[in-house]
Amino acid sequence: MARHLVASFQWSSDVGNEIASSLGFAHVILESKQFPDGESYIRYPIDITTYDGLILVQRAYPNQDTRLFQTMLAVDAARDAGIKEIHVVLPYLPYSRQDRRFRDGEPVSLSTVLTLLSSLRVSSVITVDVHKPEAFRVSGVNCVNVEPFELYAERLRGSKNVVLLSPDLGSLWRVRKVSEYVGIQYSYLEKFRDRITGEVTMKPRELDVAGKEVFIIDDIIATGGTIIEATKILKSMGAVGVHAMATHCLLLNEADSRMFEAGVSSITCTNTIPTKYAEININQLIVRALRELIT
Ligand code: R5P
């Protein structure tokens with residue numbers, strides 16, 4: 001195997017450390033700062049010219065724009081240093097929800113991000129539970145979506161009186177996959193989002209949740225609006241507990257407090273974004289994906 005280096009930004013060093021020690025590679029933390037005018041500066045603290053491959057780890061939330069640009073600077077510097085194989089690990093992929101043009105005149109922002117990385121000639125982009133896997137691809141780059149569902153299933157194994165629920169049809173495949181591991185029944189709600197105001201409305205379907213513990217599984221909790229609306233409906237249908245499980249917990253504007261006020265019993269997230277609810281560590285799944293990628 002070629003000689004690889006793992007380089008991470010300070011706020012992602014826990015992920016970088018675990019990847020490096022699992023794969024037996026050296027790990028460095030990139031120097032980074034903002035100039036007084038807000039522009040980004042990054043630097044590798046060691047001579048990287050002797051390495052064949054680089055695994056660059058960046059938790060690109062919060063400060064998505066800055067962190068994406070830092071990532072691009074780091075990729076370009078590594079290319080300049082002659083590194084041939086560059087794998088970029090972005091556990092949370094910013095802009096992944098703008099994966100199509102919802103209104104005329106909009107960019108497909110996900111595609112913009114991937115095109116920029118592709119133009120810098122990265123070998124692969126690895127992320128976790130991307131919003132819509134079919135939109136996560138760009139020519140010239142291997143786009144790898146790491147699915148956390150086996151870890152969700154582990155937490156649910158042995159639970160009684162449980163229903164898995166997708167808050168919308170678009171996420172139904174997630175609960176189906178969790179269910180394939182643990183054999184728990186699943187269903188979904190019908191959700192509508194106003195593309196201008198962002199307001200979420202939901203329609204209950206024929207669901208039997210009375211007396212059940214419902215686990216809502218989703219990729220992202222941002223404003224919490226989706227989970228809150230779903231919780232109101234599920235409670236009115238007699239659910240005894242409503243639990244939120246999501247991969248990326250942005251929890252904007254104290255979404256967690258508002259979710260608990262609305263009757264959510266628990267919140268469980270992964271460590272793609274470090275919060276107090278990040279009980280599921282996905283680092284080893286990223287390691288597994290990298291083992292298949294590195295040459
Ligand atoms: C949307 O399709 C996503 O899967 C999530 O349901 C959504 O992004 C959650 O956002 P919020 O917490 O703001 O409702």
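## Shell around the ligand

In this predicted model, β13 makes the greatest contribution to the shell around the ligand, supplying four residues. The shell comprises 14 residues in total, and the closest of these are R97, D218, D219, T223 and T226. Sorted by class, six members of the shell are charged, five are polar and three are nonpolar.

## Polar contacts and coverage

Oxygen atoms of the ligand are approached by both backbone and side-chain atoms of the protein. From the backbone, an N or O atom of A222 lies 2.8 Å from a ligand oxygen. A polar backbone atom of G224 is likewise found 2.8 Å from an oxygen atom of the ligand. From the side chains, T226 places a polar atom 2.5 Å from a ligand oxygen; T226 is also one of the closest residues of the shell.

On its own, the ligand has 370 Å² of accessible area, and the protein covers 92% of this.

## Location in the largest pocket

The ligand occupies the largest pocket of the model. Two or more residues of the shell around the ligand come from each of β11 (190-193), β13 (213-221) and α6 (225-236).

The volume of this largest pocket is about 970 Å³, and 38 residues line it. Those nearest the pocket centre are H131, D168, K191, R193 and R195. At least two lining residues are supplied by each of α5 (172-182), β11, β13 and α6. Thus β11, β13 and α6 are named both for the ligand shell and for the pocket lining. The lining consists of 16 charged, 13 nonpolar and nine polar residues.

## Backbone features in loops

Two further details concern the backbone conformation of loop residues. The peptide bond that joins Y61 and P62 is cis, with omega about -5°. P62 belongs to the loop that connects β5 (53-57) with α2 (64-80).

Y95 adopts a positive phi, near 70°, although Y95 is not a glycine. The loop that contains Y95 runs between β6 (85-89) and α3 (109-119).

Technical notes
Residues numbered from 1 in each chain as written. Predicted model: local features only at pLDDT ≥ 70, side-chain atom pairs only at ≥ 80, totals over all residues. Heavy atoms only, no water. Near = heavy atom within 4 Å. Polar contact = N/O pair within 3.5 Å; in protein donor to acceptor, adjacent residues only side chain to side chain. Areas by Shrake-Rupley, 256 points an atom, 1.4 Å probe, with all protein chains shown as cover. 1 Å grid on protein atoms, 1.4 Å probe; cavity = no way out; pocket = protein on both sides within 12 Å on 5 of 7 lines; lining within 4 Å. Sits in = over half its atoms within 2 Å of the grid points. Nonpolar A, V, L, I, M, F, W, Y, C, P; charged D, E, K, R; others polar. Points joined across faces, edges and corners; volume = space filled by probe spheres on them.
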